[in-house]
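Let's work through a few exercises together, one small step at a time. Keep the structure open beside you as you read.

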Amino acid sequence: MPFERISIPKAGAKVKPLDVKCTSTSCGDNLHCFKATKKLIAQGNDGQCRDCGTEIVDWERIRKRDLSDSDYTFQMLNHELIRNVFCLSELSERTIRYGLRKGRHELRETARKVLLSKVGGENNYREGYQTPKTGNNIIHYAQHATASCCRKCMEYWHGIPMGTKLEEADLNYCIELIMTYIEERLKDRNLLDERQKLPRIKKSG
Ligand SMILES: [Zn+2]
Ligand SMILES: [Zn+2]
């Protein structure tokens with residue numbers, strides 16, 4: 001499983017998703033933001049960290065969108081602070097059970113629906129802000145972790161162009177990244193292929 005091979009700092013252990021912005025960095029911890037600024041683009045330096053200028057990502061390799069190389073993709077995603085936080089921050093029991101109740105088949109179906117309806121179009125409602133950073137939907141967390149949360153992120157990470165309908169191959173690619181994330185996050189729990197019943201969590205103050 002890919003996350004185990006990641007030997008990078010774990011901001012996620014101490015930072016809550018809500019505390020972190022898409023453009024946050026902690027460059028001293030090797031946690032950056034690769035979303036280009038207008039200035040970086042004008043200089044032809046997009047792909048660098050917008051704060052410290054580091055160039056650690058082999059973008060050509062990532063943008064091949066080759067699932068057999070997804071260990072590398074996850075490793076690099078985790079060098080962007082916002083992804084790191086969503087990959088490694090603690091998930092609430094409600095979020096975990098949301099995933100466990102659905103099971104693999106339904107999670108996959110739901111991920112497809114979410115991607116098609118929220119990020120799949122040429123123009124999407126509230127582009128850049130359409131995927132919540134809170135709540136109990138593990139798919140939303142997976143989207144932020146894998147840069148499939150909006151078309152801006154999909155473009156600069158995966159090389160999927162904005163302003164186009166998401167193609168089936170790219171849709172499937174994003175679904176696989178999302179499922180890899182979910183498998184990893186639920187690996188110590190009993191995730192099944194099919195739905196399962198789990199008791200509700202009682203509110204405890
Ligand atoms: Zn940096
Ligand atoms: Zn995004």
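A residue is buried if 20 or more other C-beta atoms lie within 10 Å of its own, exposed if 12 or fewer, and partly exposed in between, with C-beta atoms placed from the backbone. Helices (H or I, at least four residues) and strands (E, at least two) are DSSP runs, numbered from the N terminus. This is a predicted model, in which local features need pLDDT of at least 70 and side-chain atom pairs count only at pLDDT 80 or more, while totals for chains, interfaces and linings use all residues. Residues are numbered from 1 along each chain as its sequence is written, and chains are lettered from A and ligands numbered from 1 in the order in which they are written.

**Exercise 1. Describe the overall fold of the protein.**

Step 1: Start with the secondary structure, which comes to 8 helices and 0 strands.

Step 2: Look at the radius of gyration, taken over C-alpha atoms, and at the globule rule, 2.2 Å times the number of residues to the power 0.38. The radius of gyration is 17 Å, close to the 17 Å that the rule gives for 205 residues, so the protein is as compact as a globular protein of that length.

Step 3: Add the outer dimensions: along the principal axes, the C-alpha atoms fill a box of roughly 55 × 35 × 30 Å.

Step 4: Finish with burial, where buried residues make up 35% of the 205 residues.

**Exercise 2. Work out how helix 6 is covered.**

Step 1: Count the buried residues in helix 6: 9 of its 9 residues are buried, so the helix is mostly covered. Among them are Ile138, Tyr141 and Ala142.

Step 2: Find the cover. Helix 3, helix 4, helix 5 and helix 8 are included in what covers these buried residues.

Step 3: Zoom in on Ala142, using contacts (two residues whose C-beta atoms, placed from the backbone, lie within 7 Å). Leaving aside neighbours within four places in sequence, Ala142 is in contact with Ile178, Tyr181 and Ile182.

**Exercise 3. Find the residues at the heart of the nonpolar core.**

Step 1: Recall that a nonpolar core is a set of buried Ala, Val, Leu, Ile, Met, Phe, Trp, Tyr and Cys residues joined through C-beta atoms within 7 Å.

Step 2: In the largest such core, which has 44 residues, Val85, Ala142 and Ile178 touch the most other members.

Step 3: Ask which helix gives the most to this core. That is helix 8, with 7 residues.

**Exercise 4. Decide whether the buried residues of helix 3 lie on one side.**

Step 1: List the buried residues: Thr73, Phe74, Met76 and Leu77.

Step 2: Check their arc, which is that of the directions from the helix axis to the C-beta atoms. They cover an arc of only 165° around the axis, which puts them on the same side of helix 3.

Step 3: Name their partners. The buried residues of helix 3 pack against helix 2, helix 4 and helix 6.

**Exercise 5. Compare two residues with a positive phi.**

Step 1: Begin with the background: most residues other than glycine have a negative phi.

Step 2: Arg65 has a phi near 55° and sits in the loop between helix 2 (59–62) and helix 3 (70–77). Arg65 is partly exposed, with 19 other C-beta atoms within 10 Å.

Step 3: Ala147 has a phi near 60° and lies in the loop between helix 6 (138–146) and helix 7 (151–158). Ala147 counts as buried, with 26 C-beta neighbours inside 10 Å.
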